[in-house]
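The following report looks at how the chains of an assembly meet, and then at a helix and its surroundings. Please read it alongside the sequence and the coordinates.

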Amino acid sequence: MQTVTRETLLDKASALLASGEVSRVLGWKKGEFAYDVTPAVFESAEEMEKDFVYDIFSGANFSKYLIKETAKEGKVLVFLKPCDSYSFNQLLTEHRFDREKVYAIGIPCDGMMDASTVKALAPEGLVSAERDGDNLVIHTLYDGDKILPYADNLPDRCRHCKSKKVVAYDEMLGENGDVVDSHRFDEVAELEAMSEDARFAFWQNELSRCIRCNACRDVCPACTCEKCVFDNPKSGVENKAISDSYEEKMFHIIRAFHVAGRCTDCGECSRVCPQNIPLHLLNRKFIYDIDRNYGDYMAGAEEGSRAPLVNYKTEDPEAADVLERGDK
Amino acid sequence: MQVNESNIVANEEFRPKIVAFCCNWCSYAGADLAGNNRLAYPADIKIIRVPCSCRVNPMFILRAFQRGADGVILCGCHPGDCHYTSGNYYTRRRMAMLFSMLNYLGIEKERTRVEWVSAAEGAKFAATMQDFAEKVKALGPNKRLEDLRCKQ
Amino acid sequence: MEKNKTAALREQILRASGVNPKKCMRCGKCSGTCPAYDEMEYHPHQFVYMVETGNIEPLLHSESVYKCLSCFACVERCPRGVEPAKLIEALCAAVTRPQGANHMTPDDIPALLDEDLPQQAIVSALRKYMK
Amino acid sequence: MMKKCPVSALNTVLTALSGVAPLYLPVNGKGKDTRAKYTKYEDGMIYSTALNTVRSAKDFFFPQTENLVNFKVDGKNIEIIDPREEHEDFILFGVRACDYKSFDVLDRVFLSEPVDSYYASRRAHGIVFTMACTRPAETCFCTTFGIDPSEPQGDVSCYMTETDVYFDAKTEKGEVVLAKLGDLLADCEESTVNEQKELISSRMKALPLSSLSTEAFGGDKLDKLFDDPRWESLSESCLACGTCTYVCPTCQCYDIKDFDTGHGVCRFRCWDSCMYSEFTKMSAGQPRLTQMQRFRQRFMHKLVYYPANNDGLFSCVGCGRCLASCPISMNIVKVMKTLSEEAEDNGSK
Amino acid sequence: MQRIGVFVCWCGSNIAATVDVHAVAEAAKLEPGVVFSTDYQYMCSQAGQNMIIDAVKEHKLTGLVICSCSPRMHEATFRKTAANAGINPYMVEIANIREQCSWVHKDMPTGTEKAIILAKAAIAKVHLNTPLTPGESKVTKRALVIGGGIAGIQTALDIADAGYPVDIVEKEPTIGGKMAQLDKTFPTLDCAACILTPKMVDAAQNENIRIISYAKVEEVGGFVGNFHVKIRKKARFVNEDVCTGCGLCTEKCPQKKVPNAFNLNMDNHRAIYIPFAQAVPKVAVIDPDYCNMLKNGKCGVCAKVCTAGAIDYKQEDQIIEEDYGAIVAATGYNPISVEKFDEFAYSQSKDVITSLEFERLTNAAGPTAGKLLRPSDGEHPHTIVFVQCVGSRCASCAGKGKEYCSKICCMYTAKHAMLVRDKYPDTEVYVFYIDVRTPGKNFDEFYRRAVEEYGVHYIKGMVGKVTPENGKLKVQASDLLADRQLHIDADLVVLAAAIEPDKSARPLATMLTASMDTNDFFTEAHPKLRPVESPTAGIFLSGACQGPKDIPETVSQASAAAAKVIGLLSKNTLKGNPCVAQSDELMCNGCSSCANVCPYGAITYVNKEFRMPDRTTKVRRVASVNPAVCQGCGACTVACPSGAMDLNGFKNNQIMAEVDAICK
């Protein structure tokens, strides 16, 4: 199996930039520390040589940036990990960007770290972290090095990876994987098995932390409205900040509903939440309900597929039956 | 004297606020038929006319709870009978998803309901409303999706 | 008093049987189908009609109540779901439980009220005297 | 006179403190987020020694939402109601030096004329116990802004070693509170924490961001910085969420909105973010049309506009919260470092 | 800010008895924007309407709230009133304080309290109303009649006579329907064929009528005035234009064992057949399930004998697509299956038959050439028992019978009984009835003649059971008036089976988006005032598909439906419903969710150039709604996550205002 390294990507991108096939590259730019990698647009091989990184923190999903990037002149190269490629397809389905202006390179992925996950493992004085074979090595300021199994310490979205298959690309680097079952609905099922009261307490604790910073919405590749209803004074639900425990519930229910059937479960919402609210559990609930009641559906698996909430079957179950199934 | 006493009791009794969204062609007509036939149901239920059950946005339902509703029921034509062919099929999916989500967040599932009532089912309309109002009343006031600012 | 008693009896029979005789459209299919028809003085459709109109006394003294075979053919075939056999069964029960005959109805209570009488006593008496 | 108690007796002290006034302190969270957040003290709670709370301490003086006035509508009559309740004293325990400094930044905004009475009232009733940072994080750069975490200010400043907790009253308010604790605290020499102070200072010097300089910034750098072409590339991946502004201890922008409650109107203010496209929108539109302009606004405000109006004081305290929470890891440090570099060839864009 | 007038109707005592109308009017006065409020006895009366017009003028009202009966009743009335008063008709909102308030609540305080809330909700909504103007669409001047029975034929003939082209789609190979199967008709006893077949021929010869037989409607799109319909014409394997209907093939075909559906399978015909002598079109048809040639390619006799060369074994189904301005449903009825009624032994004995089978048995063109013979042994029956209400008025027999009265059975049974006694006076005829219902011109006289002149034994009571025994049918029944149980040895038992709508009606209704009742009869737009229209505009109802009917009633309804169709087709354009969806292009991001859910295909996308706030331009894909095609269901408004889609007349903010007012 060909291993995809920073050098592989760099060579590929440099060649495409040199040939004029693409004029820009959407890639990860190194930061101050190991974990603060920033999505960036590179315009030359030199820039990339200097700042491009590809390591365990190259987790950001670039798909949504394509809306902005394809509006510009020239073609843009984008690297798509499996989960990014689902968002890519979903955005295409919704006519959100011009496919002709993108050169997509698929890259395999076996799980990416993110800042909050690693920081949780070393809360005080995290210097850097890297992967060493099957291990994650964390260097700290005060407590020396920590060596932990890599796979077991991945963030939730990667531990419960839905697919290792890149579903859209012009060129695949490395070997493409398959759709996998990693029990991503287990946690939803656990919540469903709780009593109404317990579920309420759980979500009350989680959602009450929301500060309405909108990071979940702004990073979400399914949230691409010209103007979000929550920003639109005419919508009747516009609000800038939490004012009452109702508001954040309203915000998250509506947001989850709006992306229901369109959410590709990329997990960016939970990754970016500064309050560590497990927002993916809301979206996954919808996906789980859709799969159980209307047949398996994976948004973005196929370009042009019809999302379940803008579709129906005459023999669909009644709301009461769906409720019964979701409350064990 | 006795009248006054019973009045006080009645005032203290919890009276739920219930919003019923009814599609114009079937359920609203069914409600009218219940009226024609003088089939009583609790006055706690107030009907909002919409052209089709598929007009009902989840935001309306959350809004109702925010503003103090204790229960929301959505009525439409029977599946297959939608005046607009398919509206209620979309409704069925949307509301199944929404209500399932509300319940997932711990909101009592008896507070929400979807019911198909045809223009000919005045009796069913009245019976459904009676039953829904009783269930909501038994649950007591909506605390889990309330907006304290809207409480008087 | 007599009228009250009959009404109470009727009520009791209807409640015990769960039958609503008003649903009957007098088609006579129950009697048409009844295998014990010839044994009976009053026939299934008459049971329904007589209970409905409150003319129950003759039924109580008729052998007919014991002639029903409980084959439930009338229940099966009644187009309106009246279930005559259940009504006859309830009538039969009312006759065969002589102790159960009501000595008192809730309407009798106001006359018996006494200031010193604990309310519980009235309730328990009513329970005792109402089967 | 400095006072101390053994670490094992801290909970007894906290309980006593909570008897003086409601006490808020960092406690590790329950549920999915176990990081520290300010929590109202109840018996048995454990003080979290985590360096920073997720949200800053500004919440206590400038809450995210605050009702300003209510209008009650009855028929065609409108009644105006002031929803404020009398504030009582409260104690904030465990505030870090950077957060304490942020109050200074906020004070200059809210306590200058016209005084914001909502904020002023809260400030007047708050008693702040600061805590020296024994284990500063890699994201800390408070020293860049002249803050010394070994000498935290506040009504009482505290130090924590492995064995003892030290309390040093800095104000009269602080003295009064400590006095109420009576013999729960033992007297000790001020020099006993010197070793601790030195440790902190040396650790601060070893941090990766210790060399970060404000040299290129300040009230007089407006012309040089405003049109710098590098703002474009710095802001290009910004999502326009408000995370940085909401976790920031010094961001103080707010919006005033009306909420129709059905039987009246509740006028409240809530935090707003200069990152939002709707920010300060006026009838003629918003003054900053692109995300680059909005992004630039935030950093120019912290590093240029604010110092220009406030005797050179920067409105960043180097707490590092935004470094940890930005979804795309763009932050003030990267901005400062990039803009401090001499532009290689101006106009590369 | 609107200037709102509130008008509270007493509706005589209908509202005023349980709602303190004055209190409602007073409470409304306190609402913001309300500048005038009053109550009146009958708001819908001329005087009431004048009062509204005067108030509009005097108080310069911009919006009206009428607290009255259901908007389904008088919304149109008050909209006209508004127009007459010079304000836009869509500035009117109705608070339904009759059907949904005064009629369902008993005490005054409750009714009044609710009425006030409903009024406030309407006021809140009208605040946000905007004037709306209906769009216009063209009318295709062609009608489609679905079903070629007497109802469909009559409707088609009437429409054609008015000069409009009309297509009849019939699922059988011939038009004629149930009536063609009947022998005589009540109460005049003239022969059904004699009065029906001339009409069938008329239809065939009318140049405005096209008969599409052996066909079914597959897809219906569009809307009133502009329906687009796909019709599948099944392959009959005979070239319709060439076949002369000589019938030679139907005699030579070697496959003789094909059950004859026209005779209710009581005899057989060949694999190639003409349903009956007067069939229209008189064209043979091959049953592919039985034809040896089609099944295994061995035979070809019919092709050999056909001098016209009309046989075409390779014929395929044909799809006809056509535009129509109006569609008439005339799908008719069928007797229910009586097999589930075990007590009548229909499945156990051939001599227990249904009334329709009886018709064929007495019809000269039927399996017995008109002689009344027992199906089991071909003997003449001497005792015949007719059982009425088999499956009708049957509330408890779920899945077996129907709760409604089938209406026609009393009369045809009298007819059958009379005909038997007339032809075979030696036959004893018993009719068991629950009630004899004869409300119709000359109906009761007819029934009395059966009893008085023909000596038919009418017995009040129901048959309990029928037991086949030794070639006889033992009938056990009750005679309620004599209070005895009867036991009759019958030779033939005829069951008056309930009738039900044809099974094709339900899927058709779905395609037409026409509503149906629980029994699958089409629902009328109004049970009394609009009995021949479906609530779906442009769909009309003819005959028994709307409810049980006899022939005269069917024909009158058929003509009435035709009149409605003619009225529609005579218009060149139709004014649309202005309550249609509208997309806010500034908000729309072109994701296509709305187009996915639109049942009418009313949404298309265009690339549009927008000036951005920073003065650059940007081309974006945005949704655009065709107001003539949109029917205003609102499905798109919920599918749209950005809230760019809204529905005129039921805007998001209007509904939320109602919610707010109700939950206050």
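Of the seven pairs of chains in contact, chains B and E share the most contacts, where two residues are in contact if their C-beta atoms, placed from the backbone, lie within 7 Å. This is a predicted model, in which local features need pLDDT of at least 70 and side-chain atom pairs count only at pLDDT 80 or more, while totals for chains, interfaces and linings use all residues. Residues are numbered from 1 along each chain as its sequence is written, and chains are lettered from A and ligands numbered from 1 in the order in which they are written.

Between chains B and E, 45 residues of chain B are in contact with 45 residues of chain E. On the side of chain B that touches chain E, helix 2 (27-36), strand 2 (45-50), helix 3 and helix 4 (87-104) each supply at least two residues, and helix 2 of chain B gives the largest share, six residues. Helices (H or I, at least four residues) and strands (E, at least two) are DSSP runs, numbered from the N terminus. For the classes tabulated below, Ala, Val, Leu, Ile, Met, Phe, Trp, Tyr, Cys and Pro count as nonpolar, Asp, Glu, Lys and Arg as charged, and the others, Gly among them, as polar.

| Set of residues | Nonpolar | Polar | Charged |
|---|---|---|---|
| Side of chain B that touches chain E | 25 residues | ten residues | ten residues |
| Contact of helix 3 of chain B with helix 19 of chain E | six residues | no residues | one residue |

In the helix contact of the second row, B:F60, B:R63 and B:A64 in helix 3 of chain B meet E:I655, E:M656, E:V659 and E:C663 in helix 19 of chain E. The axes of helix 3 (residues 58-66) of chain B and helix 19 (residues 652-663) of chain E, which are lines fitted to C-alpha atoms over the stretch in contact, with angles running from 0 to 180 degrees between N-to-C directions, come within 9 Å and cross at roughly 20°. That makes helix 3 of chain B roughly parallel to helix 19 of chain E, a term for angles under 35 degrees.

Other pairs of chains do not meet: chain A and chain C have their nearest C-alpha atoms 29 Å apart, and for chain C and chain D, which no contact joins, the closest C-alpha atoms lie 47 Å apart.

Within chain D, ten of the 14 residues of helix 2 are buried, so this helix is largely enclosed by the rest of the structure; a residue is buried if 20 or more other C-beta atoms lie within 10 Å of its own. Among the buried residues of helix 2 of chain D are D:Y100, D:F103 and D:L106, and what covers the buried residues includes strand 6 (90-95), helix 3 (117-125) and strand 7 (126-131) of chain D.

Key:
Parallel < 35°, antiparallel > 145°, perpendicular 65-115°, else oblique. Buried ≥ 20, exposed ≤ 12 C-beta atoms within 10 Å, placed from the backbone.
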